[in-house]
Amino acid sequence: MITQRAVGNRFKNYFELTKPKIWYLLVFTSFGSAVTASLLFNIPIEPLTWLLLLGGVAAGSAAADTITGYNDRDIDAIMDRTKSRPIPSGRISPKNALVFGLILAGISLLLAWFINILAFALMALGLFDNIIIYSKWLKRKSQSNIILGGFSGGAPALIGYVAVTTQHIELGLVMAGLVFLWIPTHIWSLSLHVRKDYKKAGVPMLPVVSSEERSVRVIAGTTLMMVIFSILPFFLNQFGLIYVITASVFGTAMVCLSIWLLLRPSERAAWTVFKFSSPYLTALFIAFMVDAFYH
């Protein structure tokens, strides 16, 4: 007889399999872009649309993380940081993980279909980019893996925008572009912190195949590019001082941290850049919403 505790543990294992710390933020970017579009163009969002949008993006992001976990089960078992995950630790079988991921992917596509055809296409592209282009093809072959794989990271923000409107679609593209440019700083700073793990597993992340000196230069360069790009929405005449001040303050902090990493490379500095990058992106999407409310 299956006990309540066993059911709870099974649920916890499958929830952990989806890597919620990753998809929480992606769902938030989708929520933020939808709210921003709604406020800017005075378009109310129906409860059903919210259900389809947030449920679809959560399912799609969780599906991508689950199936990439299936793809990476061999290297996850090698790395200290990942060996306790549900598949390599034996808490969930690879077959069950794959089936679960495919079910989530199907749910995400179905929900996106009921939003509109553009949301469906973006969801399908995001899943394909993350699962096939990044995880299956490039992750073990190229140091540029995270760049091409970054398109999937920007998809939720654009899905949130087009779920509301296609007016001034350049705004949705900029929001998605901001996430796309954020991903290299976020992932490469983490990779620098745990490069011994990636090296042991034979994954050619930038800090593994390049010197520390070159890696920190690239991270600093991508951070600066991201911060400069983050100011662009102000010049699209849809956002004002609330957004640009927030982007400037948090962007300055990101640049300062990347300079610290550049001048004094260390695992601590890399970890700090990685940890601050998520609050940075969160702050920008909050600023989008607040600024749009007062626009």
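**Order of elements**

I read the elements from the N terminus on and noted the run α-α-α-α-α-α-α-α-α-α-α-α-α-α. I then took the totals for the protein, which come to 14 helices and zero strands. I record here that the model is predicted.

**Overall dimensions**

I looked up the extent of the protein along its principal axes, and the C-alpha atoms fill a box of roughly 55 × 55 × 35 Å. I next checked the radius of gyration, which is 19 Å; this agrees with the value near 19 Å for a compact globule of 295 residues. I also noted that buried residues make up 51% of the 295 residues.

**Helices α13 and α14**

I turned to helix α13, residues 241-263, and helix α14, residues 267-294. Their axes lie 8 Å apart, and the helices pack at an angle of about 175 degrees. I entered α13 and α14 as roughly antiparallel to each other, because angles over 145 degrees count as such. I sorted the residues of the contact of α13 with α14 and found 22 nonpolar, five polar and two charged.

I selected Ile242, which lies in helix α13. Ile242 counts as partly exposed, at 33% relative accessibility. I looked up its separation from His295, which is 53 residues apart from Ile242 along the chain, and the two C-alpha atoms are separated by 9.6 Å.

**Aromatic residues**

I found 16 aromatic pairs in the structure. I examined the rings of Trp23 and Tyr24, whose centres are 4.9 Å apart with the planes at 75 degrees, so I entered the pair as edge-to-face. I compared the accessibility of the two partners: Trp23 is buried, with a relative accessible area of 14%, whereas Tyr24 is partly exposed, with 46%.

I examined another edge-to-face pair, that of Phe293 and Tyr294, with 5.0 Å centre to centre and 90 degrees between the planes. Here I found Phe293 exposed at a relative accessible area of 54%, and Tyr294 exposed at 61%. I noted further that Trp23 and Tyr24 belong to one aromatic cluster with Phe11 and Phe15.

**Around Tyr70**

I looked at the ring of Tyr70 and found the charged end of Arg73 sitting over it, 4.2 Å from the ring centre. I also looked up Lys95, which lies in helix α5, residues 94-115. Lys95 is exposed, with a relative accessible area of 65%. Lys95 and Tyr70 are 25 residues apart along the chain, and I recorded a separation of 8.4 Å between their C-alpha atoms.

**Positive phi in two loops**

I checked the backbone of Lys19, a residue other than glycine, and found a positive phi near 55 degrees. I located Lys19 in the loop between α1, residues 4-17, and α2, residues 20-41. I entered Lys19 as buried, at 17% relative accessibility, since the cut-off for buried is under 20%.

I then checked Asn237, which is not a glycine and has a positive phi of about 60 degrees. I located Asn237 in the loop between α12, residues 212-230, and α13. Asn237 is exposed, with a relative accessible area of 64%. I therefore recorded the two loop residues under opposite headings, with Lys19 buried and Asn237 exposed.

Conventions. Residues are numbered from 1 along each chain as its sequence is written. This is a predicted model: local features need pLDDT of at least 70, side-chain atom pairs count only at pLDDT 80 or more; totals for chains, interfaces and linings use all residues. Side-chain values use heavy atoms; hydrogens and water are left out. Rings of Phe, Tyr and Trp (its six-membered ring) pair if their centres lie within 6.5 Å; planes under 30 degrees apart count as stacked, over 60 as edge-to-face and the rest as tilted. Buried means under 20% relative accessible area, exposed over 50%, partly exposed in between (1.4 Å probe, protein chains only). A charge sits over a ring if NZ of Lys or CZ of Arg is within 6 Å of the ring centre and within 35 degrees of the ring normal. Axes are lines fitted to C-alpha atoms, for helices over the stretch in contact, and angles run from 0 to 180 degrees between N-to-C directions. Helices (H or I, at least four residues) and strands (E, at least two) are DSSP runs, numbered from the N terminus. Angles under 35 degrees count as roughly parallel, over 145 as roughly antiparallel, 65 to 115 as roughly perpendicular and the rest as oblique. Ala, Val, Leu, Ile, Met, Phe, Trp, Tyr, Cys and Pro count as nonpolar, Asp, Glu, Lys and Arg as charged, and the others, Gly among them, as polar. The radius of gyration is taken over C-alpha atoms; the globule rule is 2.2 Å times the number of residues to the power 0.38.
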